[in-house]
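Visitor: I should like to learn how to read strand pairing, crossovers and salt bridges in a model. Could you take me through them in turn?

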Amino acid sequence: MIFDIDMIRSVYADFQAKTDLAKKHLNRPLSLVEKILYSHLDSEQELKDFTRGEDYVYFNPDRVAMQDATAQMAMLQFMQAGKDKVAVPSTVHCDHLILAREGAVKDLANSRRLNEEVFDFLESVSSKYGIGFWKPGAGIIHQVILENYAFPGGMMIGTDSHTVNAGGLGMVAVGVGGADAVDVMAEMPWELKFPKLTGVKLTGRLNGWTSAKDVILKVAGILTVKGGTGYILEYFGEGAQSISCTGKGTICNMGAEIGATTSVFGYDKKMSEYLASTGREEIASEADRIAGYLTGDPEIYADPETWFDQVIEIDLSELEPYINGPFTPDKAWPLSEFAAAVEKNEYPARLEVGLIGSCTNSSYEDITRAASIARQALEKGLRARSEFTITPGSELVRYTMERDGLLKIFEDIGGVVLANACGPCIGQWARHNADKLEKNSILTSFNRNFAKRNDGNPKTHAFVASPEIVTALAIAGDLRFDPRKDTLMNDKGEEVSLSEPAGLELPPKGFEVEDKGYAAPADDGSRIEINVDPGSERLQLLEGFSAWNGKDLRDLKLLIKVSGKCTTDHISMAGPWLRYRGHLDNISNNLMIGAVNIFNQKANSVKNQLSGAYTTVPDTARAYKKAGFQSIITGDENYGEGSSREHAAMEPRHLGVSVVLVRSFARIHETNLKKQGVLALTFTDKADYEKIREDDSIEITGLDGFTPGRTLTVRLHHSDGTTAEFPVNHTYNEKQIGWFRAGSALNLIKHANR
């Protein structure tokens, strides 16, 4: 079954003409990114040579994708938008709420039972509004999208930061908050600051133990977690064309870890083969007709320094495997240097758990390469010395793996196959003894490794590598093992070594599945009633946020001044809190509980200025709100990096936070704050961060003249009677200022659709 083929034909029918018009108007060649962006301009958007990193531009994406944790709030907002049906093809995927505990069968059954209310709500609301629904067990959203919906030259937004995975199939796919998804589903254009462009030239060819994962692990080390902010990465060169389609997806997937808006590869033979293998030959045929338009112009790639804002070049033939971490995905160690790093930094050398799979690395190629290592272990008398888990990315991949005997190989060396879901990657892992908070090491083929993310233990040192490296080190049980040169002792006391992995990009017998897990929406959803129990702890109908009162913000109470890294996991934790993603008031009880207060270097302990006592962040915020005070959060660099979760913006708004003032923002989180009516500001002079004191009462002035490019003023009233004042910046345009004045972007949508 090919989904939305008429829409795809329509995109391709116009793609050439729109691209030619843009090239003529700009009088220059175009990169692939520019071709896709210009061909998806909103009809009312002026066609011009947009200034990268400055101009806000309106686009019409082709589709929207949502996972179950974020879809709840997105659909609760869409229900207020006044629409009978979504305007573009959209899907919901149930993959986040499945807890990994015992194994696939039991975990899936338990999760269906525990989350029945939420799954039923999502299925019924999807059916009512014309949205495709992928049931629990169908697979992880990004793998399912790659297998069924992604197409070269398309544009998609998704309520998950790793939506960017679809760039592996030539798509500009961007992670957003639910409010952005509501805009597009409600037939409104989507706004994005026109991105800067990074060209990544790949030469040579991957070999030996090196895989596509190592490309992005190296890039993460080069650019760091915020080096891609405001950029789209476009990969090109002979090396890019030699990487499998799913390998390209892996590279694009982890682009989220460097803050990139998205990443993309040009259409090539590997993509065509993948489309055919997943039953979409017709799309490949359509793409072949305009293949020259589905990649950057030759002049761009011949002289990349002229056309890209920055260029990185990597020789795949010389690239070695990498292991990144701990606690951040950009701390990149070449494998040849990692053992020494373990010793020098006193990382726990014993590997407790190796975990492969996830949305980043669960393709057939990934699994066959890892299985080739596991098969060698069996043949040479070895078993995994670490715990070892395998997470298939979709039922299509899992069923094909089982048919081809791959799952049994993993089980025979001691592995446990988990459900087709996110599981440990997002903290949905009931890891035994995690509550003991012991210092330990795990190694995953996932994408993100912030402290406490996987198992809630801040002392778990999580490292990231390719599936084959994870498998080899899980067999060794030691982080210092280098499979390229080290040996292991087998059950007979013999010294044995592992040969380099061998894998297959696509299954020789084709993919096979009995039930993909898809449910089509009702032809007529008007008769479907959506009922939410007022007493539910999982779901809560939304009430609109109040509009700005037209005055400057005065007597703001400092809620927390955050010390150091503050990701969306710190602002709104996942793990056990996922159960409340559809209930704004309940999930707000996790607001900022992972963030470190600079004044006492403790998490979830801030001074309540009303009582003088130190209490939790949520309790303090609720106390201020009850007493009629608004509050402010201040933070450091790249505030809000990580997930796209808009709960990290809705929770502070719900608990009375009106301003977030930081040294710099991650892209998605800044947009989410704006959408929810929170004033997102940055220090003009980053040193002014130091001026904020624990007992400060704070004013934001100049809002009567709130206009694009014009600074606002912060005035600090210290408890000793002194004051301090400094300017602050913002990136609001006129439309976004309208969101602030209305109280949220959704308030404007509701007003327009009345």
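Guide: The model shown here is predicted, and we shall discuss its strands before its salt bridges.

Visitor: How do strands of a sheet pair, and how many bridges join strand E27 to E28?

Guide: Strands of a sheet pair through backbone hydrogen bonds, in either a parallel or an antiparallel manner. Here strand E27 (residues 631–635) and E28 run parallel and are joined by 5 bridges. Gly635 stands opposite Val662 of E28. On E29, Val662 has Thr682 as its bridge partner. E28 and strand E29 (residues 679–683) also run parallel, with 4 bridges between them.

Visitor: Which helix does the chain cross through from E28 to E29?

Guide: The crossing passes through helix H24 (residues 667–675), and this β-α-β crossover is right-handed. E27, helix H23 (residues 647–654) and E28 likewise make a right-handed β-α-β unit.

Visitor: Is strand E28 mostly covered or mostly exposed?

Guide: Strand E28 (residues 657–662) is mostly covered, as 6 of its 6 residues are buried.

Visitor: In what order do the strands of the open sheet lie?

Guide: The order is E6-E5-E2-E3-E4-E21, 6 strands with mixed pairing. Its edge strands, E6 (172–175) and E21 (518–519), each pair on one side only. Helix H7 (residues 178–185) packs on this sheet and touches E2 (63–67), E3 (90–93) and E5 (155–158). The direction of H7 makes about 145° with that of E2. At the E21 edge, strand E4 (residues 132–134) and E21 run antiparallel with 2 bridges, and Trp134 has Tyr518 as its bridge partner.

Visitor: Let us turn to salt bridges. How many does the count come to?

Guide: A salt bridge is recognised when a side-chain nitrogen of Lys or Arg lies within 4 Å of a carboxyl oxygen of Asp or Glu. The count comes to 49 salt bridges. Arg9 and Asp6 form one of them, with their closest N and O atoms 2.9 Å apart. Both lie in helix H1 (residues 5–26), 3 residues apart, about one turn of the helix. They belong to a network of salt bridges that also includes Glu282, Glu286 and Arg289.

Visitor: Why does the pair of Asp309 and Arg52 tie together parts that are 257 residues apart in sequence?

Guide: The side chains of Asp309 and Arg52 meet in a salt bridge (3.0 Å, N to O). Asp309 lies in the loop between helix H14 (304–307) and strand E11 (310–315), and Arg52 in the loop between helix H2 (32–39) and strand E1 (56–59), so the pair ties those separated parts together. Asp309 is partly exposed, with a relative accessible area of 38%, whereas Arg52 is buried at 19%.

Definitions and conventions. Residues numbered from 1 in each chain as written. Predicted model: local features only at pLDDT ≥ 70, side-chain atom pairs only at ≥ 80, totals over all residues. Heavy atoms only, no water. Buried < 20%, exposed > 50% of the residue type's maximum accessible area, 1.4 Å probe, protein only. Pairing = 2+ DSSP bridges. Right-handed = clockwise from strand over helix to strand, strands pointing away. Contact = heavy atoms within 4.5 Å. Axes fitted to C-alpha atoms, helices over the stretch in contact; angles between N-to-C directions.
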